[in-house]
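This briefing covers a protein and DNA model. Please look at the structure first, then read the points below.

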There are 2 protein chains.
Amino acid sequence: MSPIGRTRPTGRDRLRDSVLAEDLSFLLARANALTLAAANAALAEHGLKARSYSVLALAADDVRPTQRELAEFLRLDPSQVVALVDGLEKRQLVERRTDPADRRANVLVATDAGRALFARAQESARAVELGLLAAVTPADHERLAQLLRLLAFPD
Amino acid sequence: MSPIGRTRPTGRDRLRDSVLAEDLSFLLARANALTLAAANAALAEHGLKARSYSVLALAADDVRPTQRELAEFLRLDPSQVVALVDGLEKRQLVERRTDPADRRANVLVATDAGRALFARAQESARAVELGLLAAVTPADHERLAQLLRLLAFPD
DNA sequence: ACAAATAATTGACTTTTTCAACGGTCCGTG
DNA sequence: CACGGACCGTTGAAAAAGTCAATTATTTGT
């Protein structure tokens, strides 16, 4: 007797057996979608989204990124960075300083308020991340990060 | 002498030392962005994008997904699935069949043309994926997939 | 048989993405 | 030194993607 029935086989997650479910691009996209949604939900309480959180993180980290560097790092169009920084600057979380070494460029620096907010937001972000990684051992967590780095920064 | 110079230190990828670069959500987002861009570029030759490729893949795989299942699996709003399927159906790559078991639902099935196109597109997709994974051993490739599955399908 | 729930669709609306153009600044070459 | 070409940030417009509520047809449970 064939295992192929006419009825839909208990079908909650039949699709996980499809070839697509083995596709790394798909897994990446889906994992990212879920992660992003969770992160945005958690960051909303601080008036941030994943994007603005990332910008604030880099500003608060004293790497003094230019907007162009931000754009390349976050894979955004430079014009999107403008909007993002506008938002943070309006809230006085961040400052644009024209780079003395290149007066075309703006270097981003977090204000004290920005650092304080970031510290709080980072807690939320960490909590979410731990929640998502509940099924992953710390060792595998690090392993996953390393493998993702290979994809995220192909040199 | 302090190592903090006034000049921007060789700065190609200084940002990789920031805390953000250790954030799994960020790595996921960036890896996904690069992967997605590469996939879209490769699929363009077949008139597909990652989204339509995914839908076609599931249709061609004979899992007979309903549109709702597609929406949940691909993390899309049901209305986006409508548009996606419209596009593929107009090109006769895919057919909507009302599910005899539930006449509200449409089951997606690929046409012969759809299967043929998918076979070709799959080759492109595979090639891209191999390119992106050049720095990853096959064993790590599988490991990465497994870890991503944990994030993509938290049960 | 009826009420509540569900699948697909539509339309309106917001957000995100993508591009081209522009002013200001830097750099290398003549 | 000056000039042309490249580069940074900004603006604005257009296209694409995402969100949401309402509607019809159908199913399910009572």
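How many residues of chain A are in contact with chain B, and how many of chain B with chain A? In this predicted model, 60 residues of chain A touch 61 residues of chain B. DNA strand C has 18 residues around it.

**Interface of chain A and chain B**

- About 5900 Å² is buried between chain A and chain B, and carbon and sulfur atoms give 65% of that area.
- The rule finds 8 salt bridges across this interface.
- One salt bridge joins B:R16 and A:D155, whose closest N and O atoms are 2.8 Å apart.
- There are also 24 residue pairs in polar contact across the interface, both residues being at pLDDT 80 or more.
- On the side of chain A that touches chain B, two or more residues come from each of α1 (24-44), α2 (50-60), α3 (67-74), α5 (112-132) and α6 (138-152) of chain A.
- The largest share of that side, 12 residues, belongs to α1(A).
- By class, that side of chain A holds 35 nonpolar, 8 polar and 17 charged residues.

**Surface near DNA strand C**

- The residues that come nearest to DNA strand C are A:R51, A:Q80, B:Q67, B:R68 and B:R104.
- Of the atoms of DNA strand C that come within 4 Å of the protein, 74% belong to sugar and phosphate.
- By class, this surface has 9 charged, 6 polar and 3 nonpolar residues.
- At least two residues each are supplied by α4 (78-90) of chain A and by α3 (67-74) and α4 (78-90) of chain B; α4(B) gives the most, with 3 residues.

**Contacts with phosphate oxygens of DNA strand C**

- A:R51 places a polar side-chain atom 2.6 Å from a phosphate oxygen of DNA strand C.
- For B:R68, a polar backbone atom is 2.5 Å from a phosphate oxygen of the strand.
- For B:N106, a backbone N or O atom lies 3.1 Å from a phosphate oxygen of the strand.

Technical notes:
Residues are numbered from 1 along each chain as its sequence is written. Chains are lettered from A and ligands numbered from 1 in the order in which they are written. This is a predicted model: local features need pLDDT of at least 70, side-chain atom pairs count only at pLDDT 80 or more; totals for chains, interfaces and linings use all residues. Side-chain values use heavy atoms; hydrogens and water are left out. A residue is near a molecule or strand if one of its heavy atoms lies within 4 Å of it. A polar contact is a pair of N or O atoms within 3.5 Å; within protein, one must be able to donate a hydrogen and the other to accept it, and residues adjacent in sequence count only if both atoms are side-chain atoms. Helices (H or I, at least four residues) and strands (E, at least two) are DSSP runs, numbered from the N terminus. Ala, Val, Leu, Ile, Met, Phe, Trp, Tyr, Cys and Pro count as nonpolar, Asp, Glu, Lys and Arg as charged, and the others, Gly among them, as polar. Contact means heavy atoms within 4.5 Å. Buried area is the accessible area (1.4 Å probe) that two parts lose on being put together, summed over both. A salt bridge is a side-chain nitrogen of Lys or Arg within 4 Å of a carboxyl oxygen of Asp or Glu.
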